[in-house]
Amino acid sequence: MEYKEFNSVLEAHVALAAMPEAGTVYRIWDDGSSIYAVVTGDIDDACTEWCEAGDWSEGGKAIITVRYQSVGIDPDGDDMDGDERGSVDVEVGDDPDAIGECGTDDDDHDWQAPEFLGGCRENPGVWCKGGTIMEFLTVCSKCGTYRHQNDYGVQRNPGQADEVSYREADERSLAWVAEQE
Ligand SMILES: [Zn+2]
């Protein structure tokens, strides 16, 4: 465990004073919630661990920016911002299950990029969307399911994670599957 959570900065400092090891009290927050924590290890690891402990089972993948600020207490027991502050980007959530006859695991399928998909002349199924943003379309040679991937590269917007989605086989992909046998 990289951190221990407290309801107030005062409680956190009282606990820290009683601990044998050295640590720092931080305020850690994202867009949705905020905690006080005593961190005895690396602050980046603590922010990551706190963020990943949340419930991200809905909404697919996202990148959450977690911010931190070291905090002391003034003589009245109130927050007093320290010198240390920063942020950590944490990727959370899961890709959706695959669809189609091969199975719900992406690895169950045999993804290929045949020319009928379109895309650049040299790279079927690949589109450059400007800058570092790329789109990839592949199709399974066994069941004809399509897989669509976005790769945002370094120009991603805040919160934007690479995405994968699936689309059901259609006449065109099934005809291509039949040609493969
Ligand atoms: Zn398949």
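This note covers the domain layout, one hairpin and one helix of a predicted model.

1. Domain layout. The domain assignment splits the protein into domain 1 (3-92) and domain 2 (106-179). Their C-alpha centres are 39 Å apart.

2. Contact between the domains. On the domain 1 side, six residues take part, and they meet five residues of domain 2. Strand β4 supplies the largest share of the domain 1 side, with three residues. By class, that side of domain 1 holds two nonpolar, two polar and two charged residues.

3. The β4-β5 pair. Strand β4 spans residues 62-73 and strand β5 spans residues 79-92. The two run antiparallel and are joined by eleven bridges. One pairing to check in the viewer: V66 has V88 in β5 as its bridge partner.

4. The turn. β4 and β5 make a hairpin, with five residues between the strands. Look at G77 in this turn: its phi is positive, at about 85°.

5. Helix α2. This helix covers residues 43-52. Which of its residues are buried? They are I43, A46, C47 and W50. These four lie on the same side of α2, because they cover an arc of only 100° around the axis. The spacing rule behind this is general: an α-helix has 3.6 residues a turn, so residues three or four places apart point the same way.

6. What α2 packs against. The buried residues of α2 pack against five strands: β1 (3-6), β2 (24-29), β3 (34-39), β4 and β5. Strand β4 therefore deserves a second look. It pairs with β5, packs with the buried residues of α2 and gives three residues to the side of domain 1 that touches domain 2.

Note on methods:
Residues numbered from 1 in each chain as written. Predicted model: local features only at pLDDT ≥ 70, side-chain atom pairs only at ≥ 80, totals over all residues. Pairing = 2+ DSSP bridges. Buried ≥ 20, exposed ≤ 12 C-beta atoms within 10 Å, placed from the backbone. Arc of directions from axis to C-beta. Contact = placed C-beta atoms within 7 Å. Domains from an automatic or database assignment. Nonpolar A, V, L, I, M, F, W, Y, C, P; charged D, E, K, R; others polar.
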